[in-house]
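The following paragraphs go through parts of the structure shown below, beginning with its strands and ending at a charged stretch of its surface.

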Amino acid sequence: MKKLSKAELDALVEEATVDAYDEDEQLSGFHVMITDHLALPFQTTVLGVEVTVKKIDLLPGSGIVAICVRGSYRQAIGILDLPLPTPPPEGSEWIDAYRHWGP
């Protein structure tokens, strides 16, 4: 997957935040876009352990998180801290746009 240009990232940010009036609504806009476009589930490696990303959630005080599962264990990891696999899952450009927006 090619790296998006600043203009492409700006366009995604605009799309996610078009009807948002404050930072909380903008964050909700990114949550919707990531949830709608990121192909789930997918596997990635966190601290040397393979996990499955099953869900994207919006948690008060934590922002947008990936719910990672391994066996009976579940862990929420901030979406910006989540290492993506190579190649990244479809829709990961929305994570790049969220990072570009910079909450």
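Two strands count as paired if DSSP finds at least two bridges between them. The model discussed here is predicted. In this model, strand S3 and strand S4 (residues 73–78) are joined by six bridges and run antiparallel. One position to look at in this pairing is Val-69, which stands opposite Arg-74 in S4. The two strands form a hairpin with two residues between them. In that turn, Gly-71 has a positive phi of about 60 degrees.

S3 also pairs with strand S2 (residues 49–59): seven bridges join them, and this pair runs antiparallel. Here Leu-58 has Ile-64 in S3 as its bridge partner. S2 and S3 make a hairpin too, with three residues between the strands. Gly-61 in this hairpin takes a positive phi near 85 degrees.

How many of the eight residues of strand S3 are buried? Buried means under 20% relative accessible area. Seven of the eight residues of S3 (residues 63–70) are buried, so the strand is largely enclosed by the rest of the structure.

The last region lies among the helices. Asp-22 is found in the loop that runs between helix H1 (6–17) and helix H2 (23–37). Residues that fall between under 20% and over 50% relative accessible area are called partly exposed. Asp-22 counts as partly exposed because its relative accessibility is 36%. On the surface, Asp-22 belongs to a patch of negative charge, in which it gathers with Asp-19, Glu-23, Asp-24 and Glu-25.

Conventions:
Residues are numbered from 1 along each chain as its sequence is written. This is a predicted model: local features need pLDDT of at least 70, side-chain atom pairs count only at pLDDT 80 or more; totals for chains, interfaces and linings use all residues. Side-chain values use heavy atoms; hydrogens and water are left out. Patches are made of residues with over 30% relative accessible area and no salt bridge: like charges are joined within 9 Å, nonpolar side chains (Val, Leu, Ile, Met, Phe, Trp, Tyr) within 5 Å. Accessible areas come from the Shrake-Rupley method with a 1.4 Å probe; for residues, only the protein chains shown count as cover. A salt bridge is a side-chain nitrogen of Lys or Arg within 4 Å of a carboxyl oxygen of Asp or Glu. Lys and Arg count as positive and Asp and Glu as negative; His and the chain ends are not counted. The place of a charge is taken as NZ of Lys, CZ of Arg, CG of Asp or CD of Glu. Helices (H or I, at least four residues) and strands (E, at least two) are DSSP runs, numbered from the N terminus. Buried means under 20% relative accessible area, exposed over 50%, partly exposed in between (1.4 Å probe, protein chains only).
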